[in-house]
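Where does this protein leave open space at its surface, and which parts of the chain line that space? The report below takes up these two points.

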Amino acid sequence: MKGCLACDLTSGRVALPGGMVAEEHGWVVEHCVGPLGLGTLIVKPRRHVEHVANLSDDEALAMGRVLQQAAQIVGRLTDPDQVYVCLWSHASRRPGHIHYVVQPVHLSTVEEFDAHGPRLQAMMFDKGEFPAAAAVTEFVAEARSHWQASS
């Protein structure tokens, strides 16, 4: 769907630093293009879906495994205290292409922002500090390698 950032990134209409990590069973895994820190992955359906209830049976069955694998790889590569997995689905105050944020969270980040959970994520967006493109590209290559090894 043109004009949807998630679709535009998957289709290549908008540049995706590092490229895709993986595509499996109708799901795409990419590095986050927002300011949620290096190692944050996005897991989203390839097709434009705005509600979890509208996933196909095959997409729904594959979702848990793909999310689990993404969280395992994020944990392995970043050694966080926790890996958040949360659904985001709004764009300009309207339902948008669903995507799961798989975010490594370190105690140092929690302490820096004096926040955790959704408040931490909101504060990271407010700060607007994006990881360097070269670091994202390097992380994606490593994540892709781990994904292929575990598939």
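What follows describes two pockets of a predicted model, with their volumes and the residues that line them.

**Largest pocket**

The largest pocket holds about 580 Å³ of space, and 27 residues form its lining, with L5, A6, H90, A91 and H99 lying nearest the centre. Five elements, namely α1 (5-11), β2 (27-31), β3 (41-45), β4 (82-91) and β5 (94-105), each contribute at least two residues to this lining. The largest share comes from β5, which supplies 6 residues to the lining of the largest pocket.

**Second largest pocket**

The second largest pocket has a volume of about 270 Å³, and its lining consists of 15 residues, of which L36, G37, L38, M124 and E129 are nearest to the centre. Two or more residues of this lining are given by each of β5, α3 (107-113) and α4 (117-127). Here the largest share, 3 residues, belongs to α3.

**Character of the linings**

The table sets out how the lining residues of each pocket divide by class.

| Pocket | Nonpolar | Polar | Charged |
|---|---|---|---|
| Largest pocket | 14 residues | 9 residues | 4 residues |
| Second largest pocket | 8 residues | 4 residues | 3 residues |

Strand β5 thus appears in both accounts, since it is among the elements with at least two residues in the lining of the largest pocket and is also one of those that give two or more residues to the lining of the second largest pocket.

Key: Residues are numbered from 1 along each chain as its sequence is written. This is a predicted model: local features need pLDDT of at least 70, side-chain atom pairs count only at pLDDT 80 or more; totals for chains, interfaces and linings use all residues. Side-chain values use heavy atoms; hydrogens and water are left out. On a 1 Å grid over the protein atoms alone, a cavity is a set of points where a 1.4 Å probe fits but cannot get out, and a pocket is an open set with protein on both sides within 12 Å along at least five of seven lines; lining residues have an atom within 4 Å of a point. Grid points are joined across faces, edges and corners, and a volume is the space filled by probe spheres set on the points. Helices (H or I, at least four residues) and strands (E, at least two) are DSSP runs, numbered from the N terminus. Ala, Val, Leu, Ile, Met, Phe, Trp, Tyr, Cys and Pro count as nonpolar, Asp, Glu, Lys and Arg as charged, and the others, Gly among them, as polar.
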